[in-house]
Amino acid sequence: MLYLLTLSILLSLTRAPEQPVVPAATVCLSPEEQKLYDLIMAYRRSKKLPVIPLSAKLTLVAQTHTRDLTSNFVDDTPEGCNTHSWSDKGSWSPCCYTPDHKQAACMWNKPREIAGYQSNGFEIAYWSSAGANAVEALDGWKSSPGHHAVIINDDIWKSVQWKAVGISLYETYGVVWFGELADDERPGRCNN
């Protein structure tokens with residue numbers, strides 16, 4: 001009996017942790033985040049592309065990442081890690097995303113790890129010393145071939161169909177997460 005109880009405890013400790021469930025009511029967009037979403041979708045429509053539904057899970061990942069970047073990116077980031085990196089200061093695994101993309105999987109997996117989104121996520125990131133805002137973020141991404149391709153499903157993203165998107169603008173950082181799996185949970189609008 002003691003053996004079975006010990007085995008049961010050991011098995012429970014070695015199982016993967018439960019994936020969090022994200023209630024839509026706990027994730028919300030600020031007016032500037034909503035503006036960024038609206039601008040991106042208007043731009044996609046101008047290119048005859050479909051609107052991508054907002055995702056509470058991908059928005060949670062986006063908002064978690066902009067806060068991590070704001071608190072930890074400059075001071076605690078190892079050399080060679082870019083803004084797709086994650087610190088070791090949260091409940092996630094740290095990630096050093098390098099310019100050669102060899103560590104890309106550590107970023108792609110963050111939606112699973114943080115929000116229980118059961119597919120890869122793909123992020124575009126932006127920084128402005130004057131503070132992140134919707135118009136400047138989209139203009140910057142439109143002028144960057146790699147970021148632009150993600151937004152309009154071009155180049156290596158041509159055959160991909162985005163089914164979910166998450167948005168965050170926080171202090172000096174802005175990020176957008178794209179995913180191929182639909183998410184029925186939508187973020188709300190923040191009261192402030």
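**Close-up views of a predicted model**

**View 1. Strand 3 and strand 4 in register.** Ala164 has Gly179 of strand 4 standing opposite to it, in a model that is predicted rather than determined by experiment. Strand 3 and strand 4, the latter made of residues 173-179, run antiparallel and are joined by seven bridges. As background to this view, the strands of a sheet pair through backbone hydrogen bonds, in either a parallel or an antiparallel manner.

**View 2. The three-stranded sheet as a whole.** The sheet is open, has three strands in the order 2-4-3, and shows antiparallel pairing. Its edges are formed by strand 2 and by strand 3 (164-170), each of which pairs on one side only. From one strand to the next, the twist averages 10°.

**View 3. Helices packed on the sheet.** Helix 2, spanning residues 31-46, packs on the sheet and touches strand 3 and strand 4, and its direction makes about 135° with that of strand 3. Helix 6, spanning residues 134-142, also packs on the sheet, where it touches strand 2, strand 3 and strand 4, and its direction makes about 115° with that of strand 2.

**View 4. The contact of helix 2 with helix 6.** Two packed helices are described by the angle between their axes together with the distance between the axes. For helix 2 and helix 6 the packing angle is about 35° and the axes lie 8 Å apart, and the crossing of these two helices is right-handed. On the side of helix 2, the contact is made by Glu32, Lys35, Leu36, Leu39, Ile40 and Tyr43, which meet Ala134, Val135, Ala137, Leu138, Trp141 and Lys142 of helix 6. Divided by class, the residues of this contact comprise nine nonpolar, no polar and three charged.

**View 5. The largest pocket and its lining.** The largest pocket holds about 360 Å³ of space, and of the 18 residues that line this pocket, Tyr97, His101, Gly146, Val150 and Trp157 are the closest to its centre. At least two lining residues come from each of helix 4 (104-108), strand 2 (121-127) and helix 7 (145-151), with helix 7 giving the most, namely five residues. The lining is made up, by class, of eleven nonpolar, five polar and two charged residues.

**View 6. Two loop residues with positive phi.** Most residues other than glycine have a negative phi, and this view shows two residues with a positive value. His101, which is among the residues closest to the centre of the largest pocket, is found in the loop between helix 3 (56-76) and helix 4, and its phi is near 65°. Asn153 is found in the loop between helix 7 and strand 3, and the phi of Asn153 is near 50°.

Terms used: Residues numbered from 1 in each chain as written. Predicted model: local features only at pLDDT ≥ 70, side-chain atom pairs only at ≥ 80, totals over all residues. Heavy atoms only, no water. 1 Å grid on protein atoms, 1.4 Å probe; cavity = no way out; pocket = protein on both sides within 12 Å on 5 of 7 lines; lining within 4 Å. Points joined across faces, edges and corners; volume = space filled by probe spheres on them. Helix = DSSP H or I, 4+ residues; strand = E, 2+ residues; numbered from the N terminus. Nonpolar A, V, L, I, M, F, W, Y, C, P; charged D, E, K, R; others polar. Pairing = 2+ DSSP bridges. Axes fitted to C-alpha atoms, helices over the stretch in contact; angles between N-to-C directions. Contact = heavy atoms within 4.5 Å. Left-handed = near helix turned anticlockwise from the far one by under 90°.
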